[in-house]
Amino acid sequence: MKSKRAFLVALLAILGAIILQALDFAQAATPKKVPFVGDLSADHFRFDTKQTPATMTYDGHVKLISPVNNTSITCDQLKTNAVSRDEITSIDASGHVKFSVTTVDKATGKPNYRFEGAGELVQYSLVGTAPIVHMAKVNGVAPRLTMTDLASNKQTIFSGEEIDYNLESGVIEGKMVNLHNQENGQ
Amino acid sequence: MIWLASIVLAAGCGKRTRNTPAPPSVPPNPAAMSDGTVTVTDSRIEYPDSGPRIWVAEAGTIIASAEPGAVKMTKVSCRLYQRGMEVLRVSADGGDAIQQDGAVQVSLAGHVRAEDLRRELRLTADRFEWASQHDRVSAVNIHWIGLGFDHRADRGIFSTDLTRGDCRGHVKTKTTVSN
């Protein structure tokens with residue numbers, strides 16, 4: 001009897017552990033919802049909160065300014081999948097896009113890098129839990145990303161077919177990317 | 001004359017503007033002007049008389065003109081319906097409405113304020129027009145608030161329940177901490 005009970009207890013413990021791990025995995029796989037904070041202006045704006053996913057589309061002289069990472073974007077069209085301020089998981093900016101993002105050193109809380117990008121298509125999305133900025137070549141116009149080390153003012157310029165920048169890890173990946181280093185202003 | 005009768009009947013608690021007030025138990029006689037208009041105060045309009053409701057309005061003053069189905073209102077509060085279900089409440093300083101052929105067109109102006117029934121979406125505007133048959137609200141100098149957003153624009157077109165919109169001119173969006 002004792003050995004049977006011990007077996008049952010062990011079995012329940014194993015099942016419990018499996019369920020907990022599954023819950024952890026499910027939580028990790030769910031995109032983290034980051035509340036959007038900022039101001040937008042444009043000539044034209046459309047929204048549909050009933051569509052799935054919901055959409056907010058801005059056209060003409062679009063300008064976005066957000067205190068989150070000191071972000072600014074200008075472009076011809078900006079589209080989000082906003083259901084509410086708390087549930088934006090993607091932003092697509094297209095047409096003469098220019099953006100600027102300043103990241104902060106988590107340890108010191110001070111700005112460490114400024115990223116300035118230009119291109120015809122810039123997409124921001126949450127992949128898993130990581131916010132990714134994706135830039136792609138459109139109509140023969142290659143994206144360009146300039147990274148400035150704010151401590152040294154050294155700049156690294158990336159241009160190529162595609163550039164992905166992970167805002168969480170700081171990793172930049174690209175396809176057919178050209179790299180160019182220079183002192184700022186030179 | 002059915003539309004006029006419906007206003008007068010709905011104005012059960014109405015006051016006449018010219019004649020001596022009638023006793024409460026007697027339906028009031030509206031004040032008929034020489035140009036054919038009829039004015040009723042503190043009154044209510046419901047349209048249509050039968051079938052799915054399209055709108056209900058309560059106003060400080062309702063003036064029914066000689067044109068069939070046309071009314072002018074002051075200090076107005078409306079309830080707008082879609083497929084017989086109430087979807088929006090609107091108030092304004094005044095406005096006009098035309099009730100005809102099972103449809104209503106409403107034009108309101110001055111401190112227009114509209115709110116959906118769940119009180120999640122709110123629209124304020126200088127002018128507001130609603131065409132029931134098209135499920136369409138058009139408004140001027142708009143301020144739409146809801147879902148953590150605060151949108152302003154020179155003009156906009158919306159679904160009656162305010163869940164869809166198309167805004168033009170000096171569009172500005174701000175995020176808000178709460179609704």
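**Exercise 1. Find which strand pairs with β4(A), and in what sense.**

Solution. Start in this predicted model with strand β4 of chain A, residues 90-104. Follow its bridges: 13 of them lead to strand β5 of chain A, residues 111-127, and the two strands run antiparallel. To fix the register, take T102(A), whose bridge partner in β5(A) is R114(A). Then look at the connection, where 6 residues lie between the strands of this hairpin. Among the residues of this hairpin, G109(A) takes a positive phi near 80°.

**Exercise 2. Work out how β5(A) pairs with β6(A) and with β7(A).**

Solution. Go first to strand β6 of chain A, residues 130-136: 7 bridges join it to β5(A), and the pair is antiparallel. S125(A) is a handy marker here, with I132(A) as its bridge partner in β6(A). The two strands form a hairpin with 2 residues between them, and G128(A) in the turn has a positive phi of about 65°.

Next, turn to strand β7 of chain A, residues 144-149. It pairs with β5(A) over 6 bridges, again in the antiparallel sense. The marker for this pairing is Y113(A), bridged to D149(A) in β7(A).

**Exercise 3. Place these strands in chain A as a whole: how many helices and strands does the chain have?**

Solution. The count comes to 1 helix and 11 strands. Reading along the sequence, you meet the helix and then the strands, in the pattern α-β-β-β-β-β-β-β-β-β-β-β. Of the 186 residues of chain A, 20% count as buried. Now consider the contacts with a separation of 6 or more: 44% of them join residues 24 or more positions apart.

**Exercise 4. Decide whether D59(A) is buried, exposed or partly exposed.**

Solution. Locate D59(A) in strand β2 of chain A, residues 55-66. Count its surroundings: 18 other C-beta atoms lie within 10 Å. A buried residue needs 20 or more, and an exposed one has 12 or fewer, so D59(A) is partly exposed. Setting aside residues up to four places away in sequence, D59(A) touches A42(A), D43(A), H44(A) and Q77(A). Of these, Q77(A) is 18 residues apart from D59(A) along the chain, yet their C-alpha atoms are separated by 4.5 Å.

**Exercise 5. Describe where chain A meets chain B.**

Solution. Begin with the totals: 19 residues of chain A are in contact with 16 residues of chain B. Strand β1 of chain A, residues 39-48, gives the most to chain A's side, with 10 residues. By type, that side divides into 7 nonpolar, 5 polar and 7 charged residues. Then check for pairing across the chains: 9 bridges join β1(A) to strand β11 of chain B, residues 164-175, and these strands run antiparallel. One such pair is F47(A) with G165(B).

**Exercise 6. Trace the largest nonpolar core: how many residues has it?**

Solution. It has 66 residues. Those with the most contacts inside it include L78(A), W55(B) and F128(B). Strand β4 of chain B, residues 55-64, gives the most to this core, with 6 residues. For a closer look at L78(A), leave aside its neighbours within four places in sequence; its contacts include Y58(A), V62(A) and I91(A).

**Exercise 7. Judge which element of chain A has the lowest mean pLDDT and which the highest.**

Solution. Chain A has a mean pLDDT of 82, with 81% of its residues at 70 or more. Among its elements, helix α1 (residues 2-29) is lowest, with a mean of 61, and β1(A) is highest, at 95. Over residues 25-29 of chain A, pLDDT stays under 50. Where pLDDT is low, the predicted coordinates should not be read in detail.

Notes. Residues numbered from 1 in each chain as written. Chains lettered and ligands numbered in written order. Predicted model: local features only at pLDDT ≥ 70, side-chain atom pairs only at ≥ 80, totals over all residues. Contact = placed C-beta atoms within 7 Å. Helix = DSSP H or I, 4+ residues; strand = E, 2+ residues; numbered from the N terminus. Nonpolar A, V, L, I, M, F, W, Y, C, P; charged D, E, K, R; others polar. Pairing = 2+ DSSP bridges. pLDDT = per-residue confidence, 0-100. Core = buried A, V, L, I, M, F, W, Y, C linked by C-beta atoms within 7 Å.
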